Amino acid sequence: MTIKSTPDSPTTAGSDVPHNAGADGAGTHSAGTHEAGTALVSRLGAEHVKLAYGDRVVSDNLTVHIPPGSFTVIIGPNACGKSTLLRGLSRLLKPRGGEVVLDGKAISTYRTKEVARIVGLLPQSSTAPEGITVADLVARGRYPHQGLIRQWSHDDEMAVNDAMEVTGVSDLRNAPVDQLSGGQRQRVWTAMALAQQTPILLLDEPTTYLDISHQYSLLNLFAALNRQGTTIVAVLHDLNQAARYATHLIAMKQGRIVAEGTPREVVTEQTMREVFDVDALVMDDPITGTPMVVPR
């Protein structure tokens, strides 16, 4: 892992312009449509899945394909199914119907460690074991790479140290996680996900609890990982951050996909009304040229 942007020196918004800035090119799907055009090349996707908690069905007959190498961001109002979709893609939530597909096979056919070597997850909320230190928690990200023969190695140590460095928690390595602030804990959990070193990384509201400097610092970090080849799938609530960093946007409402494509295709005044019931002006971000939403 070689990342130049670190939260120790937080970059301000716009000082590290994301690689999608000003992109006007056609997306995988145009906004308002949803076709299986990327099914043959997508490493991760869902085919006609039904996602539910008990008797409450969140999404039914949902199909989505994550473009490989993309920085995909899922947006939508509260309780529309964003986090549920991410849980389904990560195998934390088993579909009642349909299949989540990873590298052409049903994800349910993989062993747990096999999935964990390909797909990493930063969940919306996590609880650390009581008294565990930062370094020990981050080291748990290396668990999928351990085995009866392969034990802890120099590569594992480097992965953990690099992950703590780029998330700005190296100086907290010996601190108990349960004594940290919410923002510090969020960065520690992010470090654990990065230490896993997976080609696909799922992030459920990764900027939760973070001040604005650390929000943009982490988003710049994820953008840098994406430029190095990691496929990123994130749930974000800030529409302007989503439009600034995403190469591919998925807009959801009531468990279904309403629009999908590039930020310029998806972030429109019509979509803001349809998805968020908000009357907004969509203009160009003066720094990046990406769409910027200004409520009227």
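Let me begin with the nonpolar interior of this predicted model, where the largest nonpolar core holds 53 residues, and where V134 and V138 are the members that touch the most others. If we take V134 and set aside residues up to four places away in sequence, its contacts are M164, V169, L172, R173, A175, V177, L180 and V188. There is also a second core, separate from that one, which consists of 27 residues and has A46, V64, I66 and I107 among them. As general background, nonpolar side chains in soluble globular proteins tend to be buried together.

Turning to the aromatic rings, a search across the whole structure returns one aromatic pair. That pair is formed by Y216 and Y245, and its geometry is tilted, with 6.3 Å from centre to centre and 45° between the planes. Y216 belongs to helix α6, residues 212–227, while Y245 belongs to helix α7, residues 239–245, so the pair ties together parts that lie 29 residues apart in sequence. Both tyrosines, Y216 and Y245, are buried.

Two other tyrosines have a lysine placed over the ring. In one case the charged end of K105 sits over the ring of Y110, at 4.5 Å from its centre, and in the other K113 lies over the face of Y143, with 4.4 Å to the ring centre.

That leaves the salt bridges, of which the count is six, and I will walk through some of them. R43 and D103 meet through their side chains at 2.7 Å, N to O, and this pair links distant parts of the chain, since R43 is in the segment before β1 (44–53) and D103 is in the loop between β4 (97–102) and β5 (105–106), 60 residues apart. R43 counts as partly exposed at 31% relative accessibility, and D103 likewise counts as partly exposed, at 34%.

Which residues are linked in a network of salt bridges? They are E269, D279 and R296. The side chains of R296 and E269 meet at 3.5 Å, N to O, with R296 in the segment after β12 (291–295) and E269 in helix α9, residues 269–276, which places them 27 residues apart. The side chains of R296 and D279 meet at 3.1 Å, N to O, and because R296 lies in the segment after β12 whereas D279 lies in the loop between α9 and β11 (280–284), this pair ties together parts that are 17 residues apart in sequence. As for accessibility, R296 is exposed, with a relative accessible area of 61%, whereas E269 is partly exposed at 27% and D279 counts as partly exposed at 43%.

Methods: Residues are numbered from 1 along each chain as its sequence is written. This is a predicted model: local features need pLDDT of at least 70, side-chain atom pairs count only at pLDDT 80 or more; totals for chains, interfaces and linings use all residues. Side-chain values use heavy atoms; hydrogens and water are left out. Rings of Phe, Tyr and Trp (its six-membered ring) pair if their centres lie within 6.5 Å; planes under 30 degrees apart count as stacked, over 60 as edge-to-face and the rest as tilted. Helices (H or I, at least four residues) and strands (E, at least two) are DSSP runs, numbered from the N terminus. Buried means under 20% relative accessible area, exposed over 50%, partly exposed in between (1.4 Å probe, protein chains only). A charge sits over a ring if NZ of Lys or CZ of Arg is within 6 Å of the ring centre and within 35 degrees of the ring normal. A nonpolar core is a set of buried Ala, Val, Leu, Ile, Met, Phe, Trp, Tyr and Cys residues joined through side-chain atoms within 4.5 Å. Contact means heavy atoms within 4.5 Å. A salt bridge is a side-chain nitrogen of Lys or Arg within 4 Å of a carboxyl oxygen of Asp or Glu.
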